[in-house]
Amino acid sequence: MTVITVCIGSGCHLKGAHRIIDRLKSLLQEYSLAAAVRLKASFCQNHCTQGVVVSFDDRRYTGVSPESIDALFASEIRRGSM
């Protein structure tokens with residue numbers, strides 16, 4: 001099972017973490033991946049100045065925005081991790 005973790009610490013929250021989570025929920029349903037992927041939130045991942053932090057298993061991405069999450073999600077799907 002793939003685990004997607006979104007930081008919801010103060011800095012990430014202000015930069016749209018909850019909008020990213022909402023979009024990921026929609027994408028998981030759209031691609032029928034809700035049973036194969038665990039979406040979770042975490043508090044600070046110690047990259048506060050680098051924007052929203054999103055991890056796909058052990059691959060960490062910083063500076064993720066609500067506008068860039070679709071491309072990142074698609075990239076991870078093509079990568080075969082899901």
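## Q45, N46 and the nonpolar core

The side chain of Q45 forms a polar contact with the side chain of S42, at 2.8 Å. This is a predicted model. Q45 sits in the loop that runs between β2 (37–42) and β3 (52–56), and N46 lies in the loop between β2 and β3 as well.

The table sets out the burial of these two residues.

| Residue | Relative accessible area | Class |
|---|---|---|
| Q45 | 12% | buried |
| N46 | 66% | exposed |

Q45 is classed as buried because its relative accessible area of 12% falls under the 20% limit. N46 is classed as exposed because its relative accessible area of 66% is over 50%.

Leaving aside residues up to four places away in sequence, Q45 touches T5, V6, C7, V53, S55 and R60. R60 also serves as a reference point for N46: the C-alpha atoms of N46 and R60 are separated by 12 Å, and the two residues are 14 residues apart along the chain.

V6, one of the residues that Q45 touches, is also among the residues with the most contacts inside the largest nonpolar core. That core has 21 residues, and the others with the most contacts inside it are I4, I20, L24, V52, V54 and F73. The elements giving two or more residues to this core are β1 (2–7), α2 (17–30), β3 and α3 (69–78). Of these, α2 gives the most, with 6 residues. In soluble globular proteins, nonpolar side chains tend to be buried together.

Technical notes. Residues numbered from 1 in each chain as written. Predicted model: local features only at pLDDT ≥ 70, side-chain atom pairs only at ≥ 80, totals over all residues. Heavy atoms only, no water. Helix = DSSP H or I, 4+ residues; strand = E, 2+ residues; numbered from the N terminus. Buried < 20%, exposed > 50% of the residue type's maximum accessible area, 1.4 Å probe, protein only. Polar contact = N/O pair within 3.5 Å; in protein donor to acceptor, adjacent residues only side chain to side chain. Contact = heavy atoms within 4.5 Å. Core = buried A, V, L, I, M, F, W, Y, C linked by side-chain atoms within 4.5 Å.
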